[in-house]
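Here are my notes on this one, jotted down as numbered points. Have the structure open while you go through them.

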Amino acid sequence: MRAPPDPRHVLLVAALLPGMGHVWIGRTTRGLGFALFALLGFWLTAKFAAPEASFVGRHAGGFFVWALSLTDAYRGARLDRARFERGV
């Protein structure tokens, strides 16, 4: 059985592409869900934000979902690594 990827590498991939850290660790549906809702959040807040809002303000919904996906992917990878090391 192969060792799961290093959680720090999963975090890096998740930071570059929302949801892809989950896909890498085998939680494809969850990762694609995060990617979809991040895109939806980016689009919705851009559509309804005030015109004078900053870039981050205009896309805050997507950044929020993206930030949640980072911590979730890292946690999942860390738990997978711990289970592997215990032999469970």
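1. Start with the outward side of helix α1: R8, L12 and L16 are exposed there, on the face turned away from the buried side of the helix. Keep in mind throughout that this is a predicted model.

2. Now turn α1 around. The helix runs over residues 7-16, and its buried residues are P7, V10 and A14. Looking down the axis of α1, you'll find these buried residues within an arc of 55 degrees, so they line one face of the helix.

3. What sits over that buried face? The cover on the buried residues of α1 includes α2 (20-24) and α5 (60-86).

4. Over in helix α2, have a look at H22. Is H22 buried or exposed? Its relative accessibility is just 1%, under the 20% cut-off, so H22 counts as buried.

5. As for what H22 touches, set aside the neighbours within four places in sequence. That leaves contacts with R27, T28, R30, G31, F34, S69, D72 and A73.

6. On to the aromatics: how many aromatic pairs does the structure hold? There are three. One of them is F42 with F63, where the ring centres are 5.1 Å apart and the planes stand at 85 degrees, so this pair is edge-to-face. F42 belongs to helix α3 (residues 28-48) and F63 to helix α5, so the pair ties together parts that are 21 residues apart in sequence.

7. F63 also pairs with W66, and that pair is edge-to-face too, with 6.2 Å centre to centre and 65 degrees between the planes. Here both residues lie in helix α5, three residues apart, which is about one turn of the helix.

8. Don't file these two rings under buried, though. F63 has a relative accessibility of 26% and counts as partly exposed. W66 is partly exposed as well, with a relative accessible area of 23%. Buried would need a value under 20%.

9. Last point: which residues do the ring pairs link into a cluster? They are F42, F55, F63 and W66. If you want to trace the cluster on screen, F63 is a handy place to begin, since its ring pairs with F42 and also with W66.

Key
Residues are numbered from 1 along each chain as its sequence is written. This is a predicted model: local features need pLDDT of at least 70, side-chain atom pairs count only at pLDDT 80 or more; totals for chains, interfaces and linings use all residues. Side-chain values use heavy atoms; hydrogens and water are left out. Buried means under 20% relative accessible area, exposed over 50%, partly exposed in between (1.4 Å probe, protein chains only). Helices (H or I, at least four residues) and strands (E, at least two) are DSSP runs, numbered from the N terminus. The arc is that of the directions from the helix axis to the C-beta atoms. Contact means heavy atoms within 4.5 Å. Rings of Phe, Tyr and Trp (its six-membered ring) pair if their centres lie within 6.5 Å; planes under 30 degrees apart count as stacked, over 60 as edge-to-face and the rest as tilted.
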